[in-house]
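Grab a pencil and open the model in your viewer. Below is a set of short exercises, each with a worked solution.

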Amino acid sequence: MRALRFSSLCEMTSAVLPVTLTGSNLRSRHREFNLIVNNICTSINCEDVESMPEISSMDRLLKIDIASKQRHVEYILRNLKDDNMLFVSRALKCFWLLGPQYQNIMNPEYLESSLYPDMAQPAVNKMKHWLQTHLKDPQRCELFYIYYKSDFDAAFKFFWHCSNQFILSELSNVIHKLSYAQLNLLVENCPQVGKMYFEILPSNSTALKRYVEHEHNYFSCIKYIFKWDGEVFLDIVENYFNTSDFKPFGPSLTNRIMKKYKDRIFDKCELYVSSVLHVNSLAQHFTAEDAKKVVLRLAQAEYLDYWFNYQKVEPLIKRLKKEDRSEFKKHVFVGKSFPKVEKWPYPIPAPPKLNDEHNLEIFKDISDEPYMFELRENCDLGFRRFIKKKSCRYSLACMESCMDSCMPVKTQLDRLFNRYRLDGFEKTFYELSKNLKAESSGERRLDMMLVLVSKSGGVPDQVGKLMKLLVEKYKNEPTTLRAAVIRSLTKRCCAWRLPEDIWTLILEFGRDVGLDGADSSPLCREGLHAVIIRHLLADTPISSTLVSGFMREFSKLSEYKLDTEERKVIAHRLPSLVLPLNQSAFLDCLSEYNIDIKQFPEAKKVILDAAKEDTNLLLRLYNSKIFRRELFREVFCLRQSEEDYLNVLRHDVTPLEDGVKFATLVTKERPKHDRFLRLLNVYFGEADGLAEKHRKALEEAFSQQPHPRFARPLCTVMSGQALISYLCTLDTIERPLGLEQFQSLHEFRANAHKTGDSLDIKSIDWKWIGAKAVYNKVSICRSKEKDQYIEKLLRWKRTARIALRLSMSTPSHINILKAVCKLTPSVVLKVALSTYLKQNVVNIAVWDVVKSVILKLDLNKNKRLLTEMVELGSLPENVEADYWTCVYRVLDRTQKKKAMPILCRLNNMFHKVDSSFFYKIIKEYIEKDFNIFEEEEHNETVKKLYIKIIAKFLVLYPEESSKENICESFFNILNKMEDKVLDHVNIFIFDLKYSKAFMEKEYSTSMKVFEEILRRLHAIFPTDQYFSIYADLHLTMLYFKAINQTMKNDKEVFNDANKAIEVVGHLFGKYVGCEIKELVSRYFWSVIDLYSQRLVEYLRSYFEYNEGRSRLVTFVIKGILDVGTVESLILAEQITGREINYNIREPHRADILDVLKQSDNPEIKFFLYADILC
């Protein structure tokens, strides 16, 4: 019996395997295969077919589908470990694996430790995506989230499927990591997150910074809260909506808000109407009386004067009856006899603000841009041209010209509209009908007629009155004028709705402007459309002349103000009218009115016949997915994209011509039809099947006309073994090869990974198959195979880079890096520039290897690599200074001019660079008497940079400077200079203000350097002639003293930027107040004026302009005031007068003015009231 059963099973499986599909197209083969699976899975066990030989991919797919239906876990897992992604993808259709009974497999610990190491990397990525998409069980999602928590982006894909309770409990821990797209998902699934997000936001500075950068995108996420709790939604809007930057909500959301919360909106109508809601939609929910009240409240709001005008509230005014509007508009916009409200009657939204520490940073010194020290031929001329061009862009003449061109100019018609904007029709008609008689200008008469059309408002009686006047007295006006009036009647008054007697008057007035469909000049297009609309709505016959005229000026008629019923009628009748005349217009109508073509059964034959004659129509139908099945053959003759090939494959393979068509296409262009070819391989892969015919056609075409573009499609339709055989055949071609043959061989090897089954590179000579084929295989290898691949990759110089990249996530990475460095150092540098040096922090062991390469490698032989090094953007903070030091040394050896921008970078991070580096540079520069280049203009450019370096070195390293007499050497050379000495001294003094040094060095130690500098300056520049130099230097010394004293008192104060600025500024001001008293006693009273000018200029030039500088200025003044002497009070008053409008804010402004007012000194009072309180 057992033998009999085994025999019957063999017969059954042999009848199915190998799978042979006979369908004529892809669709039928799909059905056939599914039928086989359904028939066999109930009568045979998966274990019985597992060991059966596989002839084609379909055999394996059959086994996987049987295992899936029978839930054979082991076999599914084995297929997940396969190299062929076709089988992996098929195995991942087993969604039952996500059931709770398989939790022992589908958990992160098992997957990461047991399953993923045996899977190829693309399979791992695909399975992770599959899990993130389909695992919805909240408890299991929590497990995955916790496991992957260190990688938030990966963990979030599970996090948003967790339970609401878990999400809310975890939100405070992840709020700073959420992008606005992630927040949007969370709020959509758990609306409570929106409320909680805004509660937590102010206390998390990182999250707040992200929110402020993309405020609108983050705020938009709250829309889902409205469905959960509208009151909470409106609370958030009233608290955080940014009225200055956000646009109002759209009509849909406005309507939903008004339906449920009309009373709440009415209570705060000033806020909602002016900033939050769509006014047109909002107005539809108010009665006439409510609309009146809202407009009056808006008019009373003095705080909305900048916003309030007629156009803004017109939708609300239109809610009133027409006879009441004129009087109400006069009351609101002319009479204005109502009390004004100065302030908001309720709190307005205050969007979260970020206290940006960068904007408070005054202890960061002003840095230079590296491009300023790029040395080129005629560099000065180029720089002057740059300055000239830049200044021209912002010149007063340019700005005035721009303002003139941007400011809208009101026309005569605009002015006439504004004159009668608040008057009713009767008054306007009375005045303008008289003015029409007296007006000789046709253009002015047209303006008056257009105003009358507008004021008629489409009211039949008023339009009738106007038309009688026009027909009786102005029917002989020029056709251009009459056409303009008819156009306005159509657009503003919906002329097609008017009664028959008025319509007759319109037609009479509009004679000879094309309303009858005649080809006239000028033609009133809108009037012609009004005639068509009236005929369609009335369902009356339309003359052939009128139809012809309409088709010449075709319109879908949707641009006119059709009501809902009119739009329905037009949508039904217009397509029928244009179908026999213009099929493209017919399709336009279907698209515009969103109508299914099935509603017009007669259209199919007409359109198909027309499409066969009109290629544009044919392609449009195909792109619109209309009649694709009927027209795919015709479309295939016109174009042969992959989508077209797939469409042919689904319906009828005859147009493929057994592969000849595709081979011909490849001879002309480089198609990327991989999906089509893969489907051929799978479903038409039988012997002498369509896939084999395509392969033969491609091989024949390639043999006749070799070209690299044949490689990709040929590799896709071949197996790995077949490709190797084919390459061996190509290798036997006699040398020398032509260029295209040679390139084709390389292209075949580069596309070896595209073969139907995976290429086994372990059994192939890597140097024969090529480095690219090796990389394509190794880069997606299993994690457990990495070590053996790395070992083999290190044996060949060309694959060393692959080994290095593959080892990055392995423990032996440093050893591999050192091995590659010995084998091919340039590879290490190339990889470093693209990986290590892009990180926030780099491993020091890695950097040591990279550094050794930079210093040893002759980079002048590799200009491209050197350029890439110089142009590198952000760098890891822990090696940034060391990196630029190395680059400078490389350039300094052979391309010193190109090293100057790098030296500028190093100067900007002076305190991070080793002192010996700058000492060597300064020593060399001084030895050459400030002339390191042959070109004088280059020496002048870099002289500024070297002077800056010397100044900082003197301040930061006073002991070394004194020991090596750097200050003395610098001034000795300065004495020899004949011109621009003062400019160089000013640069030198400017860079003596180095805050980093002031925080690190003792005041007494650095003071010796300052004393030496003062002594040297006095020998060159007399004080009376160069007071500004000494004033700036003394101010820097006082600033140094203030910082140093603050550091002594409390170092922790610098952790709070606001507090540090206040303390340092106040102390600096006190020192300045004492200094001015000493100067007055030494010189004369009016030295205060000179000193105040320098102090204001110092505060403006030596500190970056930001919020921190404003705060510093304020507290410097307060510190000066605290000294209390007359001299200090006068100095404080003069600085306050210059800075009060820009940098001094409340409440400090009031405090400063109070102190000044309390002074009894008449001089102070005179200046105070003359300069500030006038």
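**Exercise 1.** Work out which helix holds threonine 1136 and whether threonine 1136 is buried or exposed.

*Solution.* Start with the location: threonine 1136 sits in helix H67, residues 1126-1139. Helices here are DSSP runs of H or I with at least four residues, strands are runs of E with at least two, and both are numbered from the N terminus. Next, the accessibility: threonine 1136 has a relative value of 1%, so it counts as buried. The cut-offs are under 20% relative accessible area for buried, over 50% for exposed and partly exposed in between, with a 1.4 Å probe and protein chains only. Last step, the neighbours: skipping those within four places in sequence, threonine 1136 touches Ile1117, Ile1144, Ile1152, Leu1156 and Ile1172, where contact means heavy atoms within 4.5 Å.

Some housekeeping before going on. This is a predicted model, in which local features need pLDDT of at least 70 and side-chain atom pairs count only at pLDDT 80 or more, while totals for chains, interfaces and linings use all residues. Residues are numbered from 1 along each chain as its sequence is written, and side-chain values use heavy atoms, leaving out hydrogens and water.

**Exercise 2.** List the domains of the chain, then find how far apart the centres of domain 3 and domain 5 are.

*Solution.* Walk along the chain: domain 1 covers 243-348, domain 2 covers 424-553, domain 3 covers 640-780, domain 4 covers 787-1001 and domain 5 covers 1060-1171. These bounds come from an automatic or database domain assignment. Now take the centres over C-alpha atoms: domain 3 and domain 5 are 81 Å apart.

**Exercise 3.** Describe how helices H21 and H22 pack.

*Solution.* Two packed helices are described by the angle between their axes and the distance between the axes. For H21 (residues 288-300) and H22 (residues 310-317), the axes come within 9 Å and cross at roughly 160 degrees. Axes are lines fitted to C-alpha atoms, for helices over the stretch in contact, and angles run from 0 to 180 degrees between N-to-C directions. H21 and H22 are therefore roughly antiparallel; angles over 145 degrees get that label, those under 35 count as roughly parallel, 65 to 115 as roughly perpendicular, and the rest as oblique. The crossing of H21 and H22 is right-handed, meaning the near helix is turned clockwise from the far one by less than a right angle (anticlockwise would be left-handed). Then pick out the residues: Ala291, Val294, Val295 and Leu298 come from H21, and Val313, Leu316 and Ile317 from H22. Sorted by type, the contact of H21 with H22 has 7 nonpolar residues, no polar and no charged. In this sorting, Ala, Val, Leu, Ile, Met, Phe, Trp, Tyr, Cys and Pro are nonpolar, Asp, Glu, Lys and Arg are charged, and the others, Gly among them, are polar.

**Exercise 4.** Do likewise for H40 and H42.

*Solution.* The axes of H40 (residues 660-668) and H42 (residues 690-704) come within 8 Å and cross at roughly 35 degrees. The crossing of H40 and H42 is right-handed. On the H40 side, Val660, Phe662, Ala663, Val666 and Thr667 meet His694, Ala697, Leu698 and Ala701 of H42. The tally for the contact of H40 with H42 is 7 nonpolar, 2 polar and no charged.

**Exercise 5.** Look at the loop between H31 and H32: which residue there has a positive phi, and which peptide bond is cis?

*Solution.* Aspartate 512 is in that loop, and its phi is near 65 degrees, a positive value in a residue other than glycine. Aspartate 512 is exposed, with a relative accessible area of 55%. Proline 522 lies in the loop between H31 (500-509) and H32 (525-538), and the bond joining serine 521 to proline 522 is cis, with omega about 0 degrees.

**Exercise 6.** Find how many residues of H17 are buried and what covers them.

*Solution.* Count along H17 (residues 230-240): 8 of its 11 residues are buried. By name, those of H17 are Gly230, Val232, Phe233, Leu234, Ile236, Val237, Glu238 and Tyr240. The cover over these H17 residues includes helices H13 (192-200), H14 (205-213), H15 (215-219), H16 (225-228), H18 (251-267) and H19 (269-276).
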